[in-house]
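Please find below a colleague's note, set out as numbered points for a reader new to structural work. Each point takes up one part of the structure shown here.

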Amino acid sequence: MGVIFKKLGIYGFEEHKEDAILSSLLTGDPVLLIGKQGTAKTALATAIGAAFRERSKMDHPTDSSKWFSYHAYDSSKINFEDLIGIPSPKALSEGRTEFIRSPMTIWDKHLVTFDEFNRQLPERQNNIFELIRSRTVMGVPTGTKWIINCMNPFGMAGTEALDDALVDRHQWFIYVDDFNQLGDNDKDSIIKHIGNDDAIALKIWTKTRGKFDVSNNSSRYNEPFAETGKELIKLLNLAASYYQKLSVKVSDSYAHFVSRFISTFTTEMQDKDWKIELSGRRAGMIWRALIAYRAINLAKCELYPRRAMPDLRQSFKEVMQMTIPAGIANTTGNGLDQNAVNSINANVDLFGDFFKDTNSKSSIEVIYELITTKSIQRKVELLINEVDDDVAKNHVWSSILREIDDD
């Protein structure tokens, strides 16, 4: 399990999912949390915001202008005016366009969450498309840096199919486990957890403040959240340093891997029910995700020495599974189609030699030609003369036999 989120009262997140969300905090690319009601999706997003906010309050107790700002919107109810506020009559009389701000408006919110993301009507989806794409509203910068959205699996009452372009604006797609899927320790922690909005009257009668209580308005800060915020900032600063180093060292080889992976994966899924279009934007997001995820891995290993460095190939599989939006817009299950997962893993395994030498392009090119060529003769030539990897050999020999049988 992860090491950060449980300190914020969020339990049951496997480490690779925690690392993915931390990667989104590192790059600022949007993340979409998917799970049934009561799985702490929104609680996680607001807890992250609260950790940063409480830390900023600790550092600047008398200057609220320097406090970290975050807000969670209910997408099923939100109107455009809720985001931007109403026009200022005074500004209009002076020939300017300006909006009256409130605690709810989007301006200068560092972290934003749109809850019930797939319960919004199509016209409301259009209202936030620009914000997710470029962090602007009508071309005006909002100041928003991070976006963590939350939704139920499609098919639950009230859910709407999402525009594929809106889905494609997210980098990460994280499926959140149900309570019954968690381990006993996490279940016990959840049962005993009293959050900011729980047992409100009890706190009044007992004159106590809960461990996870935070106040947006008071300068009084929650010390455990502030300390976790400090830990988060330290981790992300360290990861940013690793990201810069990796960008120099493996940028080209990772980009080449993504290009060839998408080509072979696209070839494989042509006749599949879960077939999706992978855009150039998606390729860029996967590339950034691979570097950011590895940077988070390295930073965690430095900060927490007892943590073993994850296997590179397994990390690639985890990233691909969480960044390829197969079925996101209309999935009825709580996770990727297992056939899609198997295909992703198999296609990563095909490039096994890449993980032995990430600076080599030759093995990638051989596997790419092996998968994409239409000539059975050429496939056989490559298998005999060029391919050493047993996984790739077995995969392609099986496909050749299927082709021969079909003929």
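1. F179 is placed in the loop that runs between β9 (172-175) and α7 (184-192). The model is a predicted one, and the values in this note are to be read with that in mind. With a relative accessibility of 34%, F179 counts as partly exposed, because the partly exposed class lies between 20% and 50%. Together with I190 and I191, F179 makes a nonpolar surface patch of about 260 Å².

2. The overall make-up of the chain may be stated next. The chain contains 16 helices and nine strands. It has 407 residues, of which 50% count as buried. The area that the chain exposes is about 19,500 Å², and carbon and sulfur atoms supply 50% of that area. Among contacts between residues at least 6 apart in sequence, 72% join residues at least 24 apart.

3. V31 offers an example of a contact between distant parts of the sequence. V31 belongs to strand β1 (residues 31-34). Its relative accessible area is 0%, so V31 is buried. Although V31 and N149 are 118 residues apart in sequence, their C-alpha atoms are 6.2 Å apart in space. Beyond its neighbours within four places in sequence, V31 is in contact with S24, I147, I148, N149, H170, W172 and I174.

4. C150 should be considered alongside V31. C150 is found in strand β8 (residues 146-151). It has a relative accessible area of 0% and is therefore buried. Which residues is C150 in contact with, leaving aside its neighbours within four places in sequence? They are L32, L33, K41, T42, T113, F114, D115, E116 and F117. In addition, the C-alpha atoms of C150 and K36 are separated by 9.9 Å, while these two residues are 114 residues apart along the chain.

5. The largest pocket deserves a separate point. Its volume is about 820 Å³. Of the 35 residues that line this pocket, I10, T42, A43, T46 and D197 are the closest to its centre. Both α2 (41-59) and β2 (70-74) supply at least two residues each to the lining. Helix α2 gives the most, with five residues. T42, one of the residues closest to the centre of the pocket, is also among the contacts of C150.

6. The charged side chains come next. Side chains of opposite charge can pair when their charged atoms come close. The structure holds 25 salt bridges. One of them joins the side chains of K57 and E54, with 3.2 Å from N to O. K57 and E54 are three residues apart in helix α2, and therefore about one helical turn separates them. Are these two residues buried or exposed? K57 has a relative accessibility of 0% and so counts as buried. E54, at 1% relative accessibility, likewise counts as buried.

7. Another salt bridge is formed by K77 and D74, whose closest N and O atoms are 3.8 Å apart. K77 counts as exposed because its relative accessibility is 60%. D74, by contrast, counts as partly exposed, at 28% relative accessibility.

8. E94 and R96 also meet through their side chains in a salt bridge, at 2.6 Å from N to O. E94 has a relative accessible area of 44% and is therefore partly exposed. R96 is partly exposed as well, with a relative accessible area of 34%. Elsewhere, salt bridges that share partners join E15, E18, D19, K300 and R307 into one network.

9. The final point concerns N345, which lies in helix α13 (residues 338-350). Why does N345 count as buried? Its relative accessibility is 18%, and buried means under 20% relative accessible area. Leaving aside its neighbours within four places in sequence, N345 is in contact with K317 and Q321.

How values were computed
Residues numbered from 1 in each chain as written. Predicted model: local features only at pLDDT ≥ 70, side-chain atom pairs only at ≥ 80, totals over all residues. Heavy atoms only, no water. Patch = residues over 30% accessible without salt bridge, like charges linked within 9 Å, V, L, I, M, F, W, Y side chains within 5 Å. Areas by Shrake-Rupley, 256 points an atom, 1.4 Å probe, with all protein chains shown as cover. Salt bridge = Lys/Arg side-chain N within 4 Å of Asp/Glu carboxyl O. Helix = DSSP H or I, 4+ residues; strand = E, 2+ residues; numbered from the N terminus. Buried < 20%, exposed > 50% of the residue type's maximum accessible area, 1.4 Å probe, protein only. Contact = heavy atoms within 4.5 Å. 1 Å grid on protein atoms, 1.4 Å probe; cavity = no way out; pocket = protein on both sides within 12 Å on 5 of 7 lines; lining within 4 Å. Points joined across faces, edges and corners; volume = space filled by probe spheres on them.
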